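Reader: I'd like to learn how to read cysteines and charged pairs in a model like this. Can you walk me through it?

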Amino acid sequence: MNKREFLKSSGAIVAGSMISRLAPAQQQPAPRENWAGNITYSTDHVHTPANVDEVREVVKSCSKLRALGSRHSFNRIADSTQNQISLQHLDQIEIDEMARTVRVGAGIKYGQLAPVIDARGFALHNLASLPHIPVAGAIATATHGSGIHNGNLATAVRALEIVTASGDVIQLSRDKDDEQFLGAVVGLGAVGVVTRVTLDLLPTFQVAQTVYQDLNFDQIAHNFDAIFGAGYSVSLFTDWQHHQATQVWIKRKLQPGEKHEPAKKFYGATRATEKLHPITGHPAESCTEQMSVPGPWYERLPHFKMNFTPSSGRELQTEYLVPREHGYQAILAVEKLRDQITPHLFVTELRTIAADNLWMSTAYQRDSLAIHFTWKPEWETVKQILPQIEAQLKPFAPRPHWAKLFTIPPAQLQSQYTRLAEFKAMLKRQDAAGKFRNQFLETNLYQT
């Protein structure tokens, strides 16, 4: 998804789906791309089953298969040379008020789910910056929002329904399956085809969002946790110039009836007097409400409004998670490359994520700082810059976002996941023939 074009436009309409409903698969009339346009998929065979029984038939009929979500991956994690399966028609939502959970079909997107559960008095613990991504794809890649005390989106998973390589349906839950569950949640599409996800719910809540401008990085050196812990969710944006964050977005959770009066200054940064876009100078109509105006959690935790349909656009994205305890040092390390980075950058976002115990999560057993780059569509140059950034971050053991662009060597990547051997053993038990393995997984998980 192109954040820049999404944010500039006032609700552009996607002109038709590139995936027709195919069972069995049929050839598409044109090359199929991801949203960013930097990936052309290697097959035109896409299955779009209507229910779990049809998913089982598709899985049994294919020797190679990868699940395809909303095409928001910037690398080839969802690619296949033979078959892909879209779960877009699995769109059920079932709320269990007594258990405080919601069970959703794998095709449900957060933007669809949030208003439904809010109307019943519930909320999710967090959301990503863009709401137009499906639950199943987000959890499979450890996609996250922000907040020192908030785990990534996968940490809300209570249970999974998965169609395995044999076509069988298995149920895994946090309460009953312990280690196998922890290995399967961030499954990278390799465990099987996830058909339903059960998520924990919270009571609904209100959030007020305040934006500040021009925070000197020196303030982060002395007040890292105070700055990133100043709200329920906090994001810093920078272009890496002038040793500063150009904007600080603070999303504060409000108690019922609470009125929030934000200070005019925040560690030397100045409170904005108008609504702002993360990319300085861009129109802010599609950004969620700011100026400390209270609103429902799902209309404030994302950076961008849910009722704005994103257009297909052109950008690249990269993200690295490093231990939060080394966050400021990592920022300074990247800043040394500012003159190489800035000419090719739309914006960088800095966020925090709480540690979890999900085996393949980028925040596995460490509180993290995420350093995210939204690049201009200049891959030939960007791919020369990424190894330089990765070299600067290497002392901090960076873990790249599974669905974004990186050039970290496989051996280095594998060394960051202490449960990788157990994860691969689980895959061998569930999928001995490698039905769900593609070149991305072969390279990054198996190549030595």
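Author: Sure. Keep in mind that this is a predicted model. Let's begin with burial: cysteine 62 has a relative accessibility of 6%, so it counts as buried, the cut-off being under 20%. Cysteine 287 is buried too, with a relative accessible area of 0%.

Reader: How many disulfides does a search of the whole structure find?

Author: Zero.

Reader: OK, on to charges. What's the general idea?

Author: Side chains of opposite charge can pair when their charged atoms come close. In this model the count comes to 19 salt bridges.

Reader: Which residue pairs with aspartate 225 in a salt bridge?

Author: That's arginine 324, at 3.4 Å from N to O. Aspartate 225 sits in helix 6, while arginine 324 is in the loop between strand 17 and helix 7, so the pair ties together parts that are 99 residues apart in sequence.

Reader: And is arginine 324 buried or exposed?

Author: Arginine 324 counts as buried at 16% relative accessibility, whereas aspartate 225 is partly exposed at 42%.

Reader: Can you show me another pair?

Author: Try lysine 305 and glutamate 289, whose closest N and O atoms are 3.5 Å apart. Both sit in loops: lysine 305 between strand 16 and strand 17, glutamate 289 between strand 15 and strand 16, 16 residues apart. Glutamate 289 is partly exposed, at 32% relative accessibility.

Reader: What about arginine 437?

Author: Arginine 437 forms a salt bridge with glutamate 442, at 3.0 Å between the closest N and O atoms. Arginine 437 is partly exposed at 23%, and so is glutamate 442 at 27%.

Reader: Which residues are linked in a network of salt bridges?

Author: Arg103, Glu161 and Arg196 are linked that way.

Methods: Residues are numbered from 1 along each chain as its sequence is written. This is a predicted model: local features need pLDDT of at least 70, side-chain atom pairs count only at pLDDT 80 or more; totals for chains, interfaces and linings use all residues. Side-chain values use heavy atoms; hydrogens and water are left out. A disulfide is a pair of cysteine sulfur atoms within 2.5 Å. Buried means under 20% relative accessible area, exposed over 50%, partly exposed in between (1.4 Å probe, protein chains only). A salt bridge is a side-chain nitrogen of Lys or Arg within 4 Å of a carboxyl oxygen of Asp or Glu. Helices (H or I, at least four residues) and strands (E, at least two) are DSSP runs, numbered from the N terminus.
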